[in-house]
Amino acid sequence: MIGTPSRQADEVELVPTIAELRVRLDAERAAGRSVGFVPTMGYLHDGHASLMRAAAAANDVVVSSIFVNPLQFAADEDLEDYPRDLDRDRALAAASGVHLLFVPDVAEMYPRGPVDTVVAVPPLAERWEGATRPTHFSGVATVVTKLFSIVGACRAYFGEKDFQQLSIIRRMVADLSIPVEVVGCPIIREADGLAMSSRNSYLTTEQRAAAPVLRRALDTAVAAIGAGEADGVAVTRLMADLIDAEPLAELDYAAVVDPDTLEPIEVIEGEVRLLLAAQVGRPRLIDNAGATMGTPMGALDEEDHR
Ligand code: AMP
């Protein structure tokens with residue numbers, strides 16, 4: 001059942017309805033086959049493909065979803081313009097080992113319009129991305145809960161690119177005893193260090209050239225912590241100053257946080273997570289990296305795949 005790079009796009013079956021996906025996956029599990037699940041919003045790139053390959057390597061059946069979820073977009077965000085290309089996505093999914101592509105439309109997912117039931121994880125969701133996008137994570141947690149309920153017991157793959165999202169989903173799954181094993185996967189980057197993102201397609205040539213400043217700021221902070229800098233405020237300022245020095249980037253936040261609670265850390269001991277968000281032209285770019293006190297460059301070398 002596992003896919004190989006030679007698979008054709010039409011070998012990925014498009015499943016548009018909840019009922020059909022449930023029947024298919026229940027049959028697979030009844031036959032003793034394990035299910036890997038990769039939720040996405042489409043316009044796939046190698047970051048998504050890495051999650052699909054990880055799912056294909058560890059499971060008998062791989063299902064991915066493409067659903068641009070209105071619940072997680074604020075009124076002034078890019079719901080209508082979000083890039084879409086189903087033919088290309090289907091080919092990339094096929095080449096990455098996906099068997100079933102769940103492609104519901106909005107009416108299939110939300111037949112009564114906006115849902116009345118909302119899943120929220122306030123302690124993890126209010127800071128950082130949540131401070132700028134206050135309704136975003138409840139939209140994500142709600143749709144992911146719904147997708148987990150549709151897909152059923154599985155291993156589900158999420159990118160560390162969206163580190164706060166991954167933390168929220170792990171907490172939600174634990175709190176609600178959802179029968180899903182959450183697997184976090186490393187950030188996939190372009191050759192110059194920019195973390196891959198569907199929204200990078202909004203960057204102009206000039207902005208695209210400026211965008212790797214986030215990665216450079218993270219590299220510098222990881223190196224400083226590796227060399228023994230223990231002052232969280234000083235490391236935060238180091239990252240902020242580097243972003244501020246790039247005229248095309250406008251810093252939203254730079255932070256040194258506890259990797260489990262996402263609370264800011266003042267005195268760095270052991271492992272921390274560095275978080276960054278900056279507006280570069282139209283897109284808000286986010287990036288992050290792990291760092292360990294006294295371990296030069298260790299976290300980036302281990303975790304990042306280019
Ligand atoms: P999205 O389509 O942006 O909602 O992303 C779907 C999944 O792909 C999420 O789990 C993301 O964290 C993950 N993802 C997006 N970009 C990357 C990347 N550059 N590297 C690794 N995972 C990624």
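When I say that two residues touch or are in contact, I mean that they have heavy atoms within 4.5 Å. Okay, with that settled, hi everyone. What you have in front of you is a predicted model, so keep that in mind as I go through it.

Let me use that word "touch" right away. Take Ala58, which sits in helix H2. If you skip residues up to four places away in sequence, Ala58 touches Ser34, Arg155 and Tyr157. And is Ala58 buried, exposed or partly exposed? Buried would need under 20% relative accessible area and exposed over 50%. Ala58 comes out at 40%, so we call it partly exposed. One more distance while we're here: His99 is 41 residues from Ala58 in sequence, and their C-alpha atoms are 14 Å apart.

Now let's step back to the whole chain. We've got 12 helices and 9 strands in the protein chain. Roughly how big is that? The C-alpha trace spans about 55 × 45 × 35 Å along its principal axes. For 306 residues, you'd expect a compact globule to have a radius of gyration near 19 Å, and the protein chain has 19 Å, so the two agree.

How much of the chain is buried? Of the 306 residues, 52% are. On the outside, the chain exposes about 13,400 Å², and 52% of that comes from carbon and sulfur atoms. As for how the chain folds back on itself, look at contacts with a separation of 6 or more: residues 24 or more positions apart account for 75% of them.

Right, on to the ligand. There are 16 residues around the ligand, and the ones that come nearest are Met41, His48, Asp162, Ile188 and Met196. By type, that shell divides into 8 nonpolar, 6 polar and 2 charged residues.

Which elements supply those residues? Strand E2, residues 35-40, helix H2, residues 46-58, and strand E5, residues 154-159, each give at least two. H2 gives the most, with 3 residues. That's the helix where we found Ala58 a minute ago.

Let's look at some individual polar atoms. The side chain of Asp162 has an N or O atom 2.6 Å from an oxygen atom of the ligand. Then there are two spots on the backbone. At Met41, a polar backbone atom is 2.9 Å from a ligand oxygen. At Gly159, a backbone N or O atom also lies 2.9 Å from an oxygen of the ligand. And how much of the ligand does the protein cover? On its own the ligand has 490 Å² of accessible area, and the protein covers 91% of that.

Staying with the stretch between E2 and H2, have a look at Tyr43, which is in the loop joining those two. Its backbone is worth a glance. Most residues other than glycine have a negative phi. Tyr43 isn't a glycine, and its phi is near 55 degrees, a positive value. At 24% relative accessibility, Tyr43 counts as partly exposed.

Where else does a positive phi turn up? Leu262 has one, about 65 degrees, and again this is not a glycine. You'll find Leu262 in the loop between strand E7, residues 249-257, and E8. But Leu262 is buried, because its relative accessible area is 1%.

Follow the chain from there into strand E8, residues 271-280, and you get to Leu274. Leu274 counts as buried too, since its relative accessibility is 0%. And its contact list is a long read: leaving aside neighbours within four places in sequence, the partners include Leu218, Ala221, Val222, Ile225, Val235 and Met239. Among the others are Asp287, Asn288 and Ala289. Arg90, on the other hand, is 184 residues from Leu274 along the chain, with 34 Å between their C-alpha atoms.

Last stop, Arg29, in helix H1, residues 18-30. Arg29 is partly exposed, because its relative accessible area is 24%. Its side chain makes a polar contact with the side chain of Asp26, at 2.9 Å. Not counting residues up to four places away, Arg29 touches Val35, Val151, Gly152 and Ala153. And Asp60, 31 residues from Arg29 along the chain, has its C-alpha atom 9.6 Å from that of Arg29.

So if you take one picture away, take the ligand, with 91% of its own accessible area covered by the protein, and Met41, His48, Asp162, Ile188 and Met196 coming nearest. That's me done, thanks!

How values were computed: Residues numbered from 1 in each chain as written. Predicted model: local features only at pLDDT ≥ 70, side-chain atom pairs only at ≥ 80, totals over all residues. Heavy atoms only, no water. Near = heavy atom within 4 Å. Polar contact = N/O pair within 3.5 Å; in protein donor to acceptor, adjacent residues only side chain to side chain. Areas by Shrake-Rupley, 256 points an atom, 1.4 Å probe, with all protein chains shown as cover. Helix = DSSP H or I, 4+ residues; strand = E, 2+ residues; numbered from the N terminus. Nonpolar A, V, L, I, M, F, W, Y, C, P; charged D, E, K, R; others polar. Rg over C-alpha atoms; globule rule 2.2 N^0.38 Å. Buried < 20%, exposed > 50% of the residue type's maximum accessible area, 1.4 Å probe, protein only.
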